Amino acid sequence: MKNMADETPRAKGEGDQDVDGDAIRTFPFPADLAVGGVGMQIGPMEGDRTWHADAPLHRVHRIDFHVVMLFADGPVRHMVDFAEYRAGAGDLLWIRPGQVHRFARSSEYRGTVLTMQPGFLPRATVEATGLYRYDLPPLLHPGPEQLAALRAALQQLRREYEDTATLPLSLHTAVLRHTLTAFLLRLAHLAASSAEAPRRPADSTFTLFRDAVEQGFATQHSVSAYADALGYSRRTLVRAVRAATGETPKGFIDKRVVLEAKRLLAHTDLPIGRVGAAVGFPDAANFSKFFQLHTGVTPVAFRAELH
């Protein structure tokens, strides 16, 4: 099996930009490089090799798949959506689709990396394992017993992944899904019970709202419009979102809009007006007021602080 460091787009380093024209570059899951073409990969991280020829260590980009890294060494400094995390030996970093990454150029990545293509697991498993819980912390610190169990689960998953000779492809894929699910259930339990993560019951109303906002935040900021589209009353939506996040639906929407605006301001050269338009504000002045209200600085000042 080839080193995973040669196969998967790697997150990027501090202070640099990587854009295709006016957009942050997004790397898809490299299904053609997966053993058997299945929707996952697992293998070692070694040294400071890049994960993709077009995504060197010191660049910024998005990925459209899940990445879980179990570190055998450290420290590794990694930024996810404007928060910097410091990982050490035995820590796990769980990066979700669409998040913007920066790795410190000086960090080395040693351990095991797992990548998963959206859609590889059934919907019920996705919900049970919290694959799209963007509110949970990316960096996880398992205790000794948790770490031993997670390592064992990853080792078993890697054995199944590399064993393409004893089962036909359909059964091989089914076994991988089950083995991957077992690992992710352990990982999800660790994430949900983390001291940094609030304890929240799963709520299908909030899940549907969260997914709808992720799809529509760039053009739709109205709570009533989301409630109507999902078939809920505004009051029901308010209760569900407050129970899941502690904030209002409007606050949840605005937070997502601000995050995307920050990404575009930091990692593209788009004019301020076009950044505003990209997140649903055709009028540049209205966008600037909105951004300053939620961040305390103007878009121009925010961008200047990063250079």
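Biologist: Which strands does α3 lie across, and at what angle to β9 does α3 run?

Modeller: In this predicted model, α3 lies across β4, β6, β9, β11 and β12, and runs at about 105° to β9. Axes are lines fitted to C-alpha atoms, for helices over the stretch in contact, and angles run from 0 to 180 degrees between N-to-C directions. Contact means heavy atoms within 4.5 Å.

Biologist: Any ground rules for the numbers?

Modeller: Residues are numbered from 1 along each chain as its sequence is written, and side-chain values use heavy atoms, with hydrogens and water left out. As this is a predicted model, local features need pLDDT of at least 70 and side-chain atom pairs count only at pLDDT 80 or more, while totals for chains, interfaces and linings use all residues.

Biologist: Fine. How many helices and strands does the chain have?

Modeller: The chain has ten helices and twelve strands. Helices (H or I, at least four residues) and strands (E, at least two) are DSSP runs, numbered from the N terminus.

Biologist: Back to the strands under α3. In what order do the five strands of that open sheet, with β4 and β12, stand?

Modeller: The order is β4-β11-β6-β9-β12, with antiparallel pairing. Two strands pair if DSSP finds at least two bridges between them. β4 and β12 (139-140) are the edge strands with a single partner each, so each has one side without a neighbour in the sheet.

Biologist: And which strands does α2 lie across?

Modeller: α2 lies across β4, β6, β9 and β11, running at about 115° to β4.

Biologist: Is β11 enclosed or open to the outside?

Modeller: Five of the six residues of β11 are buried, so β11 is largely enclosed by the rest of the structure. Buried means under 20% relative accessible area, exposed over 50%, and partly exposed in between, using a 1.4 Å probe and protein chains only.

Biologist: How many bridges does β11 make with β4?

Modeller: β4 and β11 pair over six bridges, and β6 and β11 also pair over six. Gly-111 in β11 stands opposite Met-45 and opposite Phe-71. Further along, Leu-114 in β11 is the bridge partner of Val-68.

Biologist: What about the largest nonpolar core? Which members touch the most others?

Modeller: Met-40, Leu-92, Leu-114, Leu-180, Phe-183 and Leu-187 do, out of 29 residues. The elements giving two or more residues to this core are β4 (40-45), β6, β9 (92-95), β11 (111-116), α2 (144-162) and α3 (169-193). α3 supplies the largest share, seven residues. A nonpolar core is a set of buried Ala, Val, Leu, Ile, Met, Phe, Trp, Tyr and Cys residues joined through side-chain atoms within 4.5 Å.

Biologist: What is Leu-180 in contact with?

Modeller: Beyond its neighbours within four places in sequence, Leu-180 is in contact with Met-40, Leu-114, Met-116, Phe-120, Leu-121 and Leu-157. There is also a second, separate core of 28 residues, which includes Val-213, Val-241, Val-258 and Phe-291.

Biologist: New topic: what is the order of the open sheet with mixed pairing?

Modeller: Its five strands run β3-β5-β10-β7-β8. β3 (26-27) and β8 (83-87) stand at the edges with a single partner strand each, so one side of each lacks a neighbour in the sheet. Helix α7 (residues 249-267) lies across β5, β7 and β10, at about 50° to β10.

Biologist: Where does Phe-302 sit?

Modeller: Phe-302 is in helix α10 (residues 299-305), and is buried, with a relative accessible area of 10%. Not counting residues up to four places away in sequence, Phe-302 touches Phe-82, Lys-262, Leu-265, Ala-266, Phe-291 and Val-297.

Biologist: What kind of peptide bond joins Gly-74 and Pro-75?

Modeller: A cis one, with omega about 0°. Pro-75 lies in the loop between β6 (66-71) and β7 (76-80). Most peptide bonds are trans.

Biologist: Last one: which residues lie nearest the centre of the largest pocket?

Modeller: Asp-81, Tyr-134, Asp-135, Lys-255 and Leu-259, among 27 lining residues. α7 gives the largest share of the lining, seven residues. On a 1 Å grid over the protein atoms alone, a pocket is an open set of points where a 1.4 Å probe fits, with protein on both sides within 12 Å along at least five of seven lines; lining residues have an atom within 4 Å of a point.
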